[in-house]
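Work through the exercises below with the sequence and the coordinates open. Each task is followed by a stepwise solution.

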Amino acid sequence: MVRSREGPVDIVKWFSLTTFDIISDLAFGQPEGCLDNADQPWLSVMGARAKSIVWYQLSIYYRAEWLLKWIAPKSLTAARQQHMQMLAAKVQRRLKESSHTKDFMSYILDNKTEKLTNAELVVMASAFLVAGSGTSARALSATIFYLATNPVKLQKAIGEVRNTFQEAEAITIRSTSQLRYLQACIDEAMRLHPPQPGGLPRFVPGVGEEIEGKFVPGGTAVGVHQLSSGQADWNFSRAKEFIPERWLEQSPPSEFAGDDRGSRQPFSYGPRNCIGMNLAYAEMLLIMAKLLFAFDIEQDEGMNDWTSRQKIYLTWEQIPLLVRLSVRG
Ligand code: HEM
């Protein structure tokens, strides 16, 4: 674990390294060793790959994929290619060395009814690694940001963890499921700063459908913009404030009883929503509980506008969030 005796640490980077190692281990039976080698290429390549997606979307929208190789910045195209090569190498390594424990790949490879080609396995690897690491790291970073900028809530979350556990070894996936306040902090952070901030498009089927009282013709792409719906005053009371309590049952019903909780769906909704949601909560609660148990946390100067400074390229641009961690007194 990182200590900031030498100064602040970029918590975005350390969460990203942690979640990448976890998903790599679960999916491929091979932790990538990112926490021991913070300068490995995976994170930078994945960041550049995310940025390159806007060029693909643009060219698809205008039906001009052939233009891509001229308009997309070369560095982004190169990062995308490097990412695919690294994924292909990872898949090959896993195919050569069968895993001692059951990983996600075991189930895919054991499936004899639908055998996947190498190319399909690489795309599947990409889905697991990209969907399963950056998203959780983003939610964790946002939770730390909002806690560090709201010291009263931070103390409440720390209190819950330290009163529940007397020793670090007792902090497990099973035992952290009882941390209601911490879970509410994560939910509130994902409301204000959803890891997938945009509206994931879906096409209206057939000739069209009525949506919210308006007819929308078939073939139209529709979606609910998560960042906007999470922060809309008509969905949430005191919408711009970080108030984890709104996610907890309260009696008598609080001022948040009228919140439209369903308007916020960070894991999407319906048959193609996130298959990793339960895993994500388990992983986030475990990481966050261990961090708050062991460290006192303070935000570094100049970080107050962290959320408003970053751009969105399908997902958030990765800019550092500097915090000071000191071993609890
Ligand atoms: C806070 C953490 C996470 C968030 C906010 C999140 C969010 C999402 C969202 C919004 C989608 C729908 C994407 C779309 O419709 O295009 C999705 C899909 C998916 N997620 Fe997650 N995710 C998280 C963690 C994970 C984890 C840990 C895994 C690990 C396995 C994972 C695996 C997937 C996969 C494989 C899909 C595609 C499902 C499908 O197409 O049927 N996610 N996720």
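**Exercise 1: a helix and its cover**

Task: state what covers the buried residues of helix α4 in this predicted model, then list those residues and check the helix span.

Solution.
1. The cover over the buried residues of α4 includes α1 (11-28), α2 (42-61), α5 (104-110) and α6.
2. With buried meaning under 20% relative accessible area, the buried residues of α4 are Leu76, Ala79, His83, Met86, Leu87, Lys90, Val91 and Arg94.
3. An α-helix has 3.6 residues a turn, so residues three or four places apart point the same way.
4. Helix α4 covers residues 74-96, 23 in number, and its first and last C-alpha are 33 Å apart, close to the 33 Å expected at 1.5 Å a residue.

**Exercise 2: the iron donor**

Task: find which protein atom is the donor of the iron atom of the ligand, and place its residue in the chain.

Solution.
1. SG of Cys274, at 2.3 Å, is the only protein donor of the iron atom.
2. Cys274 sits in the loop between α10 (226-231) and α11 (277-294).

**Exercise 3: the shell around the ligand**

Task: describe the residues around the ligand by class, polar contact and element.

Solution.
1. The ligand has 21 residues around it, and Thr135, Arg202, Phe267, Arg272 and Cys274 come nearest.
2. By class, 12 are nonpolar, 7 polar and 2 charged.
3. A side-chain N or O atom of Arg202 is 2.6 Å from an oxygen atom of the ligand, and a polar side-chain atom of Arg272 lies 2.8 Å from an oxygen atom of the ligand.
4. A backbone N or O atom of Ala131 is 3.4 Å from a ligand nitrogen atom.
5. Two or more shell residues come from each of α6 (118-148) and α11; α6 gives the largest share, 4 residues.

Note on methods: Residues are numbered from 1 along each chain as its sequence is written. This is a predicted model: local features need pLDDT of at least 70, side-chain atom pairs count only at pLDDT 80 or more; totals for chains, interfaces and linings use all residues. Side-chain values use heavy atoms; hydrogens and water are left out. Donors are N, O and S atoms within 2.8 Å of the metal (3.2 Å for Na, K and Ca); water is not among the atoms, so sites may look incomplete. A residue is near a molecule or strand if one of its heavy atoms lies within 4 Å of it. A polar contact is a pair of N or O atoms within 3.5 Å; within protein, one must be able to donate a hydrogen and the other to accept it, and residues adjacent in sequence count only if both atoms are side-chain atoms. Ala, Val, Leu, Ile, Met, Phe, Trp, Tyr, Cys and Pro count as nonpolar, Asp, Glu, Lys and Arg as charged, and the others, Gly among them, as polar. The expected span of a helix is 1.5 Å times one less than its number of residues. Buried means under 20% relative accessible area, exposed over 50%, partly exposed in between (1.4 Å probe, protein chains only). Contact means heavy atoms within 4.5 Å.
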